[in-house]
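Please open the model in a viewer and keep the selection tool at hand. The tour proceeds stop by stop, with a selection to make at each one.

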Amino acid sequence: MESSDHPPVKSRLSRKEFLNLTGKSLAGAAGTFALGAVISNNAYGQDRKVALSPPAEIPADVEEPIVLEPWKSDADQQSAPTPTPLPPSRRIGYAVVGLGHLALEEILPALSNCKKSKLTALVSGSPEKLKKVAAQYGIAPENCYSYQTYDQIKNNKEVDVIYIVLPNGLHKEYVIRGAQAGKHILCEKPMANTAAECRDMLSACSKAGVKLMVAYRIHYQPHNRKLREMIQKKEFGVAKFVEAHNSQSTANVNHWRHKKALAGGGALPDIGLYCLNTTRFVLGEEPVEVFAYQYSTPGNPLFKEIEELVSWQMRFPSGVIANCATDYDVHESRRYRVNCKTGWMNIDQAYAYKGQKLTTSKADGLMKRTEEIGLAENNQFAAEMDHFSDCILNNKKPFTPGEEGLQDHIIMEAIYQSAREGKPVKINGIAATNTWKGQEPEM
Ligand code: NAD
């Protein structure tokens with residue numbers, strides 16, 4: 001339909017060229033482009049009430065966006081390029097393991113937003129939930145597995161990736177079994193309970209020749225990426241110190257998050273991890289020393305096995321110091337600020353699923369300018385899954401590979417040690433970021 005309404009433009013045009021050309025054509029000049037002919041032929045549909053396709057640039061490659069006729073002036077924020085979904089037959093198939101809060105509330109819906117990824121299988125311990133979710137998402141009974149039949153995924157050609165969304169203490173077992181089934185692995189954060197478990201997972205994936213990525217969604221979130229770019233470009237001079245908090249309240253003493261064997265720890269590996277991992281991400285360097293305090297309200301059954309509060313400092317080679325805190329028993333707070341020589345950058349709701357607000361402050365003569373940088377939000381889960389799919393389709397290393405998860409566990413173990421011993425702990429055995437990090441995501 002599109003091409004018979006008017007032929008596609010043969011080469012890519014910038015928005016400005018497109019506007020110029022359209023403007024010229026509308027003014028009556030018959031352009032050499034097919035576009036001009038269409039416009040003059042039907043008077044652009046303005047004086048006849050007919051359905052037609054206005055001029056558009058339509059590249060043949062499905063991965064190139066269609067460029068629609070612009071209509072906004074430069075005075076307004078421009079629209080993002082039109083999405084470029086791959087046809088379903090070319091997308092990477094995902095089996096999601098564990099149908100709890102994160103899987104049902106975020107990951108399965110996000111798969112419908114993906115351009116390179118699709119849901120092809122489900123794994124759950126509850127036959128009733130499996131049946132219902134499979135019906136909701138159109139997954140055939142033969143693509144539904146229990147934890148007992150999980151290893152049979154090996155024979156399912158529709159599954160390229162296994163996405164582990166189980167309690168932390170089960171990640172290692174299900175990652176290793178998944179790798180042995182020959183599937184690429186996307187594993188939720190924290191990667192495991194300990195650095196030793198991470199090493200076993202890395203070696204199992206490497207032995208099986210499959211890719212391993214940790215689902216650090218913040219690396220695929222526009223506001224956090226923008227702040228990182230501002231640090232890299234030294235827009236406010238060098239970074240000096242970081243303040244980061246990630247806290248929330250919990251109430252269910254029976255939940256796995258309060259059982260040491262399943263959670264690995266308390267607030268630190270679950271949500272404090274975001275302060276740690278995002279600080280490393282935006283600074284682009286690894287801490288060399290940590291100092292920490294840990295506290296749990298005495299007598300609170302929620303904190304019988306795991307900790308409530310951890311407050312810690314990290315010292316980086318450049319001289320930056322990060323002050324971080326996490327708590328499981330306060331009103332939600334998820335923010336950080338990077339203080340630089342000539343200004344600061346701040347993100348409220350930094351680690352949330354949505355609602356990030358990036359503000360900056362700097363002096364300008366007699367004025368102090370505080371600016372909010374408005375960026376379009378994305379679905380972080382869809383972006384991270386599509387990045388992993390892209391890595392599989394093009395044989396690239398993921399931006400947040402298993403080594404990224406191992407680094408965090410080495411640092412968290414040093415944080416716990418420091419809190420126990422009441423003194424700073426040097427971090428050993430950590431690799432420089434650029435030695436293992438994969439391709440930057442296309443965003
Ligand atoms: P959840 O308790 O809601 O879901 C866990 C799932 O694991 C459930 O379906 C449960 O049935 C299953 N399960 C299997 N064996 C279990 C056992 N022995 N005990 C308890 N559950 C068992 O948890 P969740 O919040 O969905 O978290 C799952 C994973 O996702 C965790 O690793 C968590 O850290 C991670 N997570 C990540 C994000 C993020 O933003 N990336 C957010 C929340 C959770």
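Select Gln349 to begin; in this predicted model, the residue is partly exposed, with a relative accessible area of 30%. Gln349 lies in the loop that runs between β14 (343–348) and β15 (357–364). Display its backbone torsions: phi is near 55 degrees, a positive value in a residue other than glycine. Most residues other than glycine have a negative phi.

Proceed to Asn395, which also has a positive phi although it is not a glycine, in this case of about 45 degrees. The loop to display is the one between α11 (380–393) and α12 (402–421), where Asn395 is found. Is Asn395 buried or exposed? Asn395 is exposed, because its relative accessible area of 63% lies over the 50% cut-off.

**A cis peptide bond**

Select Lys189 and Pro190 together. The peptide bond that joins Lys189 and Pro190 is cis, with omega at about -15 degrees. Most peptide bonds are trans. Pro190 belongs to the loop between β7 (184–187) and α7 (195–208). Keep Lys189 displayed, since this residue returns at the next stop: Lys189 is one of the residues that come nearest to the ligand.

**The ligand and its shell**

Now select the ligand, which sits in the second largest pocket. Two elements give two or more residues to the shell around the ligand, namely α4 (101–111) and α10 (267–283). Which residues of the shell come nearest to the ligand? Of the 25 residues around the ligand, these are His101, Asn168, Lys189, Arg217 and Trp256. Colour the shell by residue class: the division is 13 nonpolar, six polar and six charged.

For the polar contacts, display the oxygen atoms of the ligand and inspect these partners:

- His101: a backbone N or O atom of this residue is 2.7 Å from an oxygen atom of the ligand.
- Leu102: a polar backbone atom of this residue lies 2.9 Å from an oxygen atom of the ligand.
- His255: here a polar side-chain atom is involved, 3.2 Å from an oxygen atom of the ligand.

Surface the ligand with and without the protein. On its own, the ligand has 820 Å² of accessible area, and the protein covers 80% of that area.

**Two serines in strands**

Select Ser117, located in strand β4 (residues 117–123). With a relative accessible area of 0%, Ser117 is buried. Which side chain makes a polar contact with the side chain of Ser117? The partner is the side chain of Ser389, at 2.7 Å. The side chain of Ser117 also reaches the backbone oxygen of Met385, at 3.4 Å.

Next, select Ser247 in strand β9 (residues 239–249). The relative accessible area of Ser247 is 8%, and the residue is therefore buried, the cut-off being under 20%. Draw a distance from its side chain to the backbone nitrogen of Asp327: the value is 3.3 Å.

**Pairs separated along the chain**

The remaining selections are pairs, with distances taken from C-alpha to C-alpha.

Begin with Gly93 in strand β3 (residues 92–97), a residue that counts as buried at 0% relative accessibility. Add Ile162 to the selection: Gly93 and Ile162 are 69 residues apart along the chain, and 8.7 Å separates their C-alpha atoms.

The next pair is Val159 and Tyr94. Val159 has its place in the loop between β5 (144–145) and β6 (161–164). How far apart are Val159 and Tyr94 in space, C-alpha to C-alpha? The distance is 5.6 Å, although their positions lie 65 residues apart in sequence terms, counted as residues apart. Val159 counts as buried, at 1% relative accessibility.

Finish with Arg337, in strand β13 (residues 329–340). Arg337 is partly exposed, with a relative accessible area of 21%. Select Thr279 as its partner: the two residues are 58 apart in sequence, and their C-alpha atoms are 9.8 Å apart in space.

How values were computed
Residues numbered from 1 in each chain as written. Predicted model: local features only at pLDDT ≥ 70, side-chain atom pairs only at ≥ 80, totals over all residues. Heavy atoms only, no water. Helix = DSSP H or I, 4+ residues; strand = E, 2+ residues; numbered from the N terminus. Buried < 20%, exposed > 50% of the residue type's maximum accessible area, 1.4 Å probe, protein only. Near = heavy atom within 4 Å. Polar contact = N/O pair within 3.5 Å; in protein donor to acceptor, adjacent residues only side chain to side chain. Areas by Shrake-Rupley, 256 points an atom, 1.4 Å probe, with all protein chains shown as cover. 1 Å grid on protein atoms, 1.4 Å probe; cavity = no way out; pocket = protein on both sides within 12 Å on 5 of 7 lines; lining within 4 Å. Sits in = over half its atoms within 2 Å of the grid points. Nonpolar A, V, L, I, M, F, W, Y, C, P; charged D, E, K, R; others polar.
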